[in-house]
Amino acid sequence: MRFSTQVISAGLALSSFAVASPLPSASEAKDKRSFVERDGANYTVFEHAASGAKLEFVTNSGICETTPGVNQYSGYLSVGTNMNMWFWFFEARNSPTTAPLATWFNGGPGCSKNGPCHFVNGASTPSLNPYSFNTYANMLYVDQPIGTGFSYGTDDVTSTVTAAPYVWTLLQAFYAQFPQYESRDFGIFTESYGGHYGPEFASYFESQNAAIKAGSVKGDNIDLIALGINNGWYDAAIQEQAYVDFSYNNTYKPIITAAQHTQFTNTNAKSCAPLLAKCTATTGANSACENADNTCYNDIEGPLSSTSANGGVALYDFDVYDIREPSADPYPPATYSSYLLEPSVTSAIGAKATYTECPNAPYNKFAATGDDARSFLPTLSSVVQSGIRVVMWAGDADWICNWFGGLDSANAVDYAGAASFAALELAPYTVNGTEGGTFKSVDNLSFLRVFGAGHEVPYYQPAVALQVFEQTMRQQALAST
């Protein structure tokens, strides 16, 4: 599992859902808006007639974002019976009326967290995060699938592909409630399992835009201009071997010996790779993909990530999200989770469920379809081919979605600039003159290795993360400053 713990900021939880189907015209149905008071909080209730979705949210809770004049909205989008997805929206701190709109989807599948506040040195209460992405853009955070974070109820999502229509419908309802954002440039940012989510969501949005233009679907165009994926899981066939190579040849400390590197390279070629070859994003039986996923974990990932005391071969105990730390890594601090369980906090933000960090239920549904083993490189390639600005970046101390696999995946993207991109060497990437990593860009695709960062890059290198975010949302190739 690619469970992750992105904590550049206070925990947020958001979600998405609702199967996308042809929507009735405005003349066929009318939206409804009302206001209610419940448990000491004032809610806006918005019923989106076109999709059948209902938004119920509180305004300006005072939690997390405390910048004067910056509005926030938090609550649920409900579609269907007992389907309640949590969202949290923060206006941009600068020029919100003209700033672009971006979404954040965490990994897992089934994890949440990110936002404009953070818990410095494990503090019990949050403080403002000066490097939050909403410094530049209006940010919508979504916990998906249902069961993640504060979202609760029936979870019908069993794969990355089945998750996408629900996300699209959430955005349609969001635009209906907040029409001022309809024409804004839109970006998708995600991490970890987002190597699956990001390409598929982007591809689905583009297909829905085409259907809207053709008149077969009613809805608002999503002006997608950027996709950013932090330490993504893209293609198991590439990244299983990257586990072997990174474990031996990373720039911090070898996890295995040279002999073990040879041993596991052979094991991968004989047991893992042949099974993965039978499994792609859209073809291959669930059972075949699940078998590939389980075999690769048992033969490659599991042994490499564990010491001999735990049935593995690793030379020392390490955290798969940051190889510089032991498995009981205290960073990023988890105090945000306790904060999100406080009744005064949940009441203020309108949460109706107990916050759950990386629950098993959503992950198990994906595991049963072998989703983890399916490659989303072809989908990512189509997104790059469409002209959308794409950045693939990775902290170089992360093991679970390490930068070796990220770079190899980027070099395998199929687009007009592919040959030039693969041949290009990485060059220093600086932020205000300080080197934060190495990168390369050709046309609309960029890759960045971030120095001294674990799985959650914005936590470890916030200035680098914000610069990457801003440049990508400006539709610019990565460039040193």
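A disulfide is taken here as a pair of cysteine sulfur atoms within 2.5 Å. The exercises below use a predicted model.

**Exercise 1.** Decide how many disulfides a search of the whole structure finds, and which cysteines form the one with sulfur atoms 2.1 Å apart in the region of α4 and α5.

Solution.
- Step 1. The search of the whole structure gives three disulfides.
- Step 2. Cys279 and Cys289 have sulfur atoms 2.1 Å apart and form a disulfide.
- Step 3. Cys279 sits in the loop between α4 and α5 and Cys289 in helix α5, so this bond ties together parts ten residues apart in sequence.
- Step 4. The torsion about their S-S bond is about 110 degrees, so the disulfide is right-handed.
- Step 5. The cut-off for buried is under 20% relative accessible area. Cys279, at 4%, is buried, and Cys289, at 0%, is buried.

**Exercise 2.** State which parts of the chain the disulfide of Cys272 and Cys296 links, and give its handedness.

Solution.
- Step 1. The sulfur atoms of Cys272 and Cys296 are 2.0 Å apart.
- Step 2. The torsion about the S-S bond of this pair is about 95 degrees, so the disulfide is right-handed.
- Step 3. Cys272 belongs to helix α4 (residues 258–276) and Cys296 to helix α5 (residues 286–304); the two cysteines are 24 residues apart.
- Step 4. Cys272 has 0% relative accessibility and is buried; Cys296, also with a value of 0%, is buried.

**Exercise 3.** Work out why the disulfide of Cys64 and Cys117 is called left-handed, and locate both cysteines.

Solution.
- Step 1. A disulfide joins Cys64 to Cys117, with an S to S distance of 2.1 Å.
- Step 2. The torsion about the S-S bond is about -110 degrees, so this disulfide is left-handed.
- Step 3. Cys64 is in the loop between β3 (53–59) and β4 (72–78), while Cys117 is in strand β7 (residues 117–118), so the pair ties together parts 53 residues apart in sequence.
- Step 4. Both Cys64 and Cys117 are buried.

**Exercise 4.** Describe the surroundings of Thr346: is Thr346 buried or exposed?

Solution.
- Step 1. Thr346 is in helix α7 (residues 343–349).
- Step 2. Its relative accessible area is 15%, so Thr346 is buried.
- Step 3. Leaving out residues up to four places away in sequence, Thr346 touches Phe150, Leu340 and Ala351.

**Exercise 5.** Characterise the largest pocket by volume and lining.

Solution.
- Step 1. The largest pocket holds about 240 Å³ of space.
- Step 2. Its lining has 19 residues, and Phe318, Asp319, Val320, Tyr321 and Ser327 lie nearest the centre.
- Step 3. Sorted by class, the lining has nine nonpolar, six polar and four charged residues.

Note on methods. Residues numbered from 1 in each chain as written. Predicted model: local features only at pLDDT ≥ 70, side-chain atom pairs only at ≥ 80, totals over all residues. Heavy atoms only, no water. 1 Å grid on protein atoms, 1.4 Å probe; cavity = no way out; pocket = protein on both sides within 12 Å on 5 of 7 lines; lining within 4 Å. Points joined across faces, edges and corners; volume = space filled by probe spheres on them. Nonpolar A, V, L, I, M, F, W, Y, C, P; charged D, E, K, R; others polar. Helix = DSSP H or I, 4+ residues; strand = E, 2+ residues; numbered from the N terminus. Buried < 20%, exposed > 50% of the residue type's maximum accessible area, 1.4 Å probe, protein only. Contact = heavy atoms within 4.5 Å.
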